[in-house]
Amino acid sequence: MSKEKLLPETGEDIHAYKDDEHKQEDDLEHTCLHISEVKLTPKISIKDLHRYTDSGDLILSEISLDISAGSVLGIIGPSGSGKSTLLRAINRLWEPPPASVFLDGKDITMLDVISVRRRVGMLFQLPALFDGTVADNLNYGPSLKKEKLSLEQMEELLKYADLDAAFLSKSVVGLSVGQSQRVALARTLANNPEVLLLDEPTSALDPVSAQNIEESILDLKMQRGLTIVLVSHSLKQVQRIADLVCVLVNGNIVEITSPSNLQHSTHPMVQKLLDAS
């Protein structure tokens with residue numbers, strides 16, 4: 001029997017045939033629109049975010065920014081420009097106003113704060129480790145969910161943080177600042193976050209370790225699909241690993257551009273940062 005599609009013969013068959021074709025076209029259009037909507041939804045969306053000090057001084061002024069899933073956003077600017085404050089708003093370390101920060105399209109102030117902080121992990125400029133061993137620190141987050149990491153999982157986490165597996169049994173007491181920072185990175189990754197916030201992650205590291213961490217950031221983006229927001233004073237670092245650069249000055253976004261286009265900026269602060277790099 002032929003497998004070719006039979007053509008309609010009667011008038012009723014023709015109408016049914018056309019109705020079926022229109023339905024298929026509508027279904028296809030709806031599917032394409034749905035796929036397009038999914039692709040266009042940013043992982044993080046910030047809308048008119050503002051913050052003032054208790055005395056009324058401006059910290060952040062009407063910040064609006066979309067961060068695509070699986071991308072690296074670099075935030076640069078002079079000290080006191082609001083970079084770390086912006087970072088802390090994204091996982092509610094300070095409570096943003098309602099309807100100003102969204103995770104997968106949902107207002108984070110309407111989500112459970114513990115859930116937000118598990119999904120949006122943060123590495124601080126000055127890490128604070130818990131008492132005990134490195135392994136104890138890595139297992140802290142999973143233990144809250146009554147889970148325990150395997151030896152292989154912990155070794156993999158240390159690899160991302162540029163640390164040898166021998167560190168697992170070491171006490172955190174006596175670790176250098178750079179080693180502590182890398183343990184803190186591994187501990188943050190142990191929660192399997194969807195978004196990783198990094199506040200000067202290589203500031204206490206030697207050049208070789210800093211390069212290894214930069215490579216790990218790119219691996220996390222490529223292999224795990226993490227969305228990464230990186231605050232750095234190093235313009236060269238941001239140019240090396242970021243997909244998009246946000247320049248923050250006095251609480252205002254003055255430039256959002258690709259790393260390659262940054263050198264063409266005419267903003268005076270961007271020129272100062274370029275000259276100093």
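The legends below walk through several close-up views of a predicted model.

**View 1. The whole chain sets the scene for the close-ups.** This predicted protein has nine helices and ten strands. Of its 277 residues, 42% are buried. Take the contacts between residues at least 6 apart in sequence: 64% of them join residues at least 24 apart. The strands discussed below belong to a six-stranded open sheet and a four-stranded open sheet.

**View 2. The six-stranded sheet is open and has mixed pairing.** Reading across, the strand order is S6-S7-S8-S3-S9-S10. Strand S6 (120-123) and strand S10 (252-257) are the edge strands, and each pairs on one side only. From one strand to the next, the twist averages 20°. Within this sheet, strand S3 (residues 72-76) and strand S8 (residues 227-231) run parallel and are joined by four bridges. If you would like a pair to look for, Leu73 has Val229 in S8 as its bridge partner.

**View 3. Strand S6 is an edge strand with buried residues on both of its faces.** Val120 and Met122 point one way from S6, while Gly121 and Leu123 point the other way. Are these four residues buried or exposed? All are buried. S6 runs parallel to S7, and four bridges join the two strands. One partnership to pick out is that of Val120 with Val195 in S7. Helix H6 (residues 177-189) lies across S6 and S7, and runs at about 175° to S6.

**View 4. Helix H2 has contacts with strands of both sheets.** On the six-stranded sheet, helix H2 (residues 83-90) touches S3, S6, strand S7 (195-199), S8 and strand S9 (244-249). The direction of H2 makes about 155° with that of S7. H2 also lies across S1, S2 and S4, where its run is at about 125° to S1. These last three strands are part of the four-stranded sheet, so this helix makes a handy landmark when you move on to the next views.

**View 5. Helix H6 packs with helix H5 and with helix H7.** Start with helix H5 (residues 151-160): its axis is 8 Å from that of H6, and the two pack at an angle of about 130°. H5 and H6 are therefore oblique to each other, and their crossing is right-handed. Here Leu157, Leu158 and Tyr160 in H5 meet Leu185, Ala186 and Leu189 in H6. Now turn to helix H7 (residues 207-224), which packs with H6 at an angle of about 10°, the axes being 12 Å apart. H6 and H7 are therefore roughly parallel to each other. H6 contributes Arg182, Leu185 and Leu189 to this contact, and H7 contributes Ser209, Ile213, Leu220 and Arg224. Leu185 and Leu189 are worth finding in this view, as they take part in the contact with H5 and in the contact with H7.

**View 6. The four-stranded sheet is open, with antiparallel pairing.** Its strands come in the order S2-S1-S4-S5. Strand S2 (58-67) and strand S5 (106-107) stand at the edges; each has a single partner strand, so one side of each is left without a neighbour in the sheet. S1 and strand S4 (residues 101-103) run antiparallel, joined by three bridges. Ile46 has Val101 in S4 as its bridge partner.

**View 7. Ser45 is a buried residue of strand S1.** Strand S1 covers residues 44-52. Ser45 counts as buried because its relative accessibility is 8%. Which side chain makes a polar contact with that of Ser45? Asp66 does, at 2.7 Å. Beyond residues up to four places away in sequence, Ser45 touches Leu65, Asp66, Ser100, Val101 and Phe102.

**View 8. His50 is a partly exposed residue of strand S1.** The relative accessible area of His50 is 30%. Its C-alpha atom is separated by 4.7 Å from that of Ser61, although the two residues are eleven residues apart along the chain. The side chain of His50 reaches the backbone oxygen of Asp48 at 3.4 Å. With neighbours within four places in sequence left aside, His50 is in contact with Leu60, Glu62, Trp94 and Pro97.

Methods
Residues are numbered from 1 along each chain as its sequence is written. This is a predicted model: local features need pLDDT of at least 70, side-chain atom pairs count only at pLDDT 80 or more; totals for chains, interfaces and linings use all residues. Side-chain values use heavy atoms; hydrogens and water are left out. Two strands pair if DSSP finds at least two bridges between them. Axes are lines fitted to C-alpha atoms, for helices over the stretch in contact, and angles run from 0 to 180 degrees between N-to-C directions. Contact means heavy atoms within 4.5 Å. Buried means under 20% relative accessible area, exposed over 50%, partly exposed in between (1.4 Å probe, protein chains only). A polar contact is a pair of N or O atoms within 3.5 Å; within protein, one must be able to donate a hydrogen and the other to accept it, and residues adjacent in sequence count only if both atoms are side-chain atoms. Angles under 35 degrees count as roughly parallel, over 145 as roughly antiparallel, 65 to 115 as roughly perpendicular and the rest as oblique. A crossing is left-handed if the near helix is turned anticlockwise from the far one by less than a right angle, and right-handed if clockwise.
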